[in-house]
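Hi,

Here is the structure I said I would pass on. Have a look at it first, then read my notes underneath.

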Amino acid sequence: MDTPPHIPANTRPLFASNTLVRVPDICRNPKTGQPGILPISRSTWYEWVKQGIAPPGMRIGGRTVVWRLSDIQAMAKAQSGR
């Protein structure tokens, strides 16, 4: 997959749209510099889920919650269109 030259290499998409992602993939990590899919903190993400801005997660284990990447991308696109 070719990425346009104006997009830095470290921000190239790493996932297929049907991928399930966890919070560390979604949110930025200021300690490591990992950008995340969205430039928000964990607390913001969980607040958005609580308020219904972000889609609810799916439990795939006792302590594991995931979201569909396509849902997150659609939410981000809708938010940017406001």
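Below is what I found, starting with the overall layout.

Bear in mind that this is a predicted model. The protein has 3 helices and 3 strands, and reading from the N terminus the elements go β-α-α-β-β-α. There are 82 residues, of which 20% count as buried. The exposed area comes to about 6200 Å², with 53% of it supplied by carbon and sulfur atoms. If you look at contacts between residues at least 6 apart in sequence, 36% of them join residues at least 24 apart.

Now for the inside. The largest nonpolar core is made of 12 residues: Val 21, Val 23, Ile 26, Cys 27, Leu 38, Ile 40, Trp 45, Ala 54, Trp 67, Leu 69, Ile 72 and Met 75. Two helices, H1 (23-26) and H3 (69-80), each put in at least two residues. H3 gives the largest share, with 3 residues.

Ala 54 is a core member worth clicking on. Leaving aside residues up to four places away in sequence, Ala 54 touches Trp 45, Trp 48, Val 49 and Met 75. Of these, Trp 45 and Met 75 are also on the core list.

One more residue to look at is Ser 43, which sits in helix H2 (residues 42-51). Is Ser 43 buried or exposed? Its relative accessibility is 55%, so Ser 43 counts as exposed, the cut-off being over 50%. Measuring C-alpha to C-alpha, Ser 43 is 9.3 Å from Cys 27 in space, and the two are 16 residues apart in sequence.

Cheers

Notes:
Residues are numbered from 1 along each chain as its sequence is written. This is a predicted model: local features need pLDDT of at least 70, side-chain atom pairs count only at pLDDT 80 or more; totals for chains, interfaces and linings use all residues. Side-chain values use heavy atoms; hydrogens and water are left out. A nonpolar core is a set of buried Ala, Val, Leu, Ile, Met, Phe, Trp, Tyr and Cys residues joined through side-chain atoms within 4.5 Å. Buried means under 20% relative accessible area, exposed over 50%, partly exposed in between (1.4 Å probe, protein chains only). Helices (H or I, at least four residues) and strands (E, at least two) are DSSP runs, numbered from the N terminus. Contact means heavy atoms within 4.5 Å. Accessible areas come from the Shrake-Rupley method with a 1.4 Å probe; for residues, only the protein chains shown count as cover.
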